[in-house]
Amino acid sequence: MTSFKKSILGLSLASVVAMPMIGCGSTTSGGAVGADRKQLLLVSSDEVLALSAQAYQETLSDARAAGKLDNNPAQVARLQRIAKHLIAHTSVYRNDTNAWQWEVHTINDKSLNAYVMAGGKIVFYTGIIDRLNLSDAEIAAIMGHEMAHALREHAREKMSRSVATQSVLGIAASALGLSNGQTQLVGLAGELGLNLPHSRTQESEADKIGLELMARAGYNPAAAVTLWQKMQAADSGGGVPQFLSTHPNSGNRINNLQALMPTVTPLYQAAQKH
């Protein structure tokens with residue numbers, strides 16, 4: 001590719017980051033941890049909620065058909081109790097969460113996985129609870145982190161960035177007359193240079209918000225550190241290089257969480273007095 005084409009391509013990729021401010025905003029207040037980064041929001045909340053609701057119902061339907069949905073009532077009740085405590089403090093970040101149709105379900109599967117979809121749809125795979133022998137506070141750390149993704153509408157943000165990236169790359173490919181192979185390389189460059197780092201930003205942001213939520217709910221924030229130590233020990237694959245991962249590596253994540261303890265510990269101490 002000529003230097004001229006490379007320059008034009010670089011400008012095209014850079015323009016994804018410098019989208020018009022009309023598509024930027026923040027879905028939440030900053031809270032004590034200051035999570036009020038400006039977000040690219042080209043896709044509407046309603047669109048994301050509709051897609052999430054459909055995916056959620058399909059997930060529950062599949063799990064129910066396989067006999068894997070909510071098999072342990074005591075475990076579901078435990079998660080519901082922890083969720084109730086955390087949900088009570090989500091208004092710190094946004095004032096519409098009382099209207100969300102929060103739900104909590106478990107899927108009987110050994111995967112170390114859990115998530116909260118748009119609008120407050122919570123799913124925990126039993127493997128993450130059982131295999132890591134999680135305490136209530138460690139569950140709160142996971143749940144708070146996943147709630148943070150929903151509060152910040154990270155799925156909406158990712159979709160918006162994907163729309164922006166594909167639009168710009170399509171323009172660049174057409175203008176530069178790139179072959180299919182070259183276009184794929186450009187797409188990979190966009191993924192590595194734009195979308196993956198942004199996903200790491202979202203993960204770190206969710207760590208911060210989740211830590212504050214669990215502290216305000218009366219769960220010891222230090223449990224977030226023990227959680228990731230357990231996750232680190234369970235990772236038998238040697239880990240993925242951070243620059244190719246959508247998650248911070250466990251060591252960096254633990255260091256970042258520990259650095260936030262002076263901010264969130266007073267919130268936990270205040271919750272203990274009530």
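Which residue in E5 does Met117 stand opposite? I looked, and the partner is Lys121. I note at the outset that this is a predicted model.

**Hairpin**

I stayed with this pair of strands for a while. E4 (114–117) and E5 (121–125) run antiparallel, joined by four bridges. Together they make a hairpin with three residues between the strands. I checked the turn as well: Gly119 has a positive phi of about 85 degrees.

Next I asked about E4: are its residues on each face buried or exposed? Ala114 and Val116 lie on one side, Tyr115 and Met117 on the other, and all of them are buried. That split fits the usual rule that side chains in a regular strand alternate between the two faces of the sheet.

**Overall layout**

I stepped back to the whole chain. I count nine helices and five strands, in the order α-β-β-α-α-β-β-β-α-α-α-α-α-α. The chain has 274 residues, and 46% of them count as buried. About 13,300 Å² is exposed, with carbon and sulfur atoms supplying 55% of that. For contacts with a separation of 6 or more, 72% come from residues 24 or more positions apart.

**Cores**

The largest nonpolar core has 50 residues. Leu86, Ile122, Phe124, Met143, Met147 and Met214 have the most contacts inside this core. Several elements each put in at least two residues, among them H3, E4, E5, H7 and H9. H5 gives the largest share, with 10 residues.

I picked out Met214 and listed its contacts, skipping neighbours within four places in sequence. Leu86, Ala137, Ala140 and Ala141 are among them, and so are Tyr219, Pro221 and Ala224. I also found a second, separate core of nine residues, including Tyr56, Leu69, Ile107 and Tyr115.

**Charged pairs**

The salt bridge count comes to 12. I started with Arg37 and Glu205, whose side chains meet at 2.9 Å, N to O. Arg37 sits in the loop between E1 and E2 and Glu205 in H7, so this pair ties together parts 168 residues apart in sequence. Glu205 is buried at 5% relative accessible area, whereas Arg37 is partly exposed at 21%.

Then I turned to Arg152, in the loop between H5 and H6. Is Arg152 buried or exposed? Its relative accessible area is 0%, so I wrote it down as buried. A polar atom of the Arg152 side chain lies 2.9 Å from the backbone oxygen of Arg37. The side chains of Arg152 and Glu205 also share a polar contact of 3.1 Å.

Another pair I looked up is Glu138 with Lys230, where the closest N and O atoms are 2.8 Å apart. Glu138 is in H5 and Lys230 in H8, so the link spans 92 residues of sequence. Glu138 is buried at 5% relative accessibility, while Lys230 is partly exposed at 27%. Back at the earlier group, salt bridges that share partners join Arg37, Arg152, Glu157 and Glu205 into one network.

**The loop before E3**

Last stop was the loop between H3 (73–87) and E3 (103–107), where I found Asn98. Asn98 counts as exposed because its relative accessibility is 69%, and the cut-off is over 50%. Its C-alpha is 8.4 Å from that of Ala88, with the two residues 10 apart in sequence. I also noted a salt bridge between Asp96 and Arg94, with the closest N and O atoms 2.8 Å apart. Asp96 is partly exposed at 30% relative accessibility, and Arg94 is buried at 12%.

Technical notes
Residues numbered from 1 in each chain as written. Predicted model: local features only at pLDDT ≥ 70, side-chain atom pairs only at ≥ 80, totals over all residues. Heavy atoms only, no water. Buried < 20%, exposed > 50% of the residue type's maximum accessible area, 1.4 Å probe, protein only. Contact = heavy atoms within 4.5 Å. Areas by Shrake-Rupley, 256 points an atom, 1.4 Å probe, with all protein chains shown as cover. Core = buried A, V, L, I, M, F, W, Y, C linked by side-chain atoms within 4.5 Å. Pairing = 2+ DSSP bridges. Polar contact = N/O pair within 3.5 Å; in protein donor to acceptor, adjacent residues only side chain to side chain. Salt bridge = Lys/Arg side-chain N within 4 Å of Asp/Glu carboxyl O.
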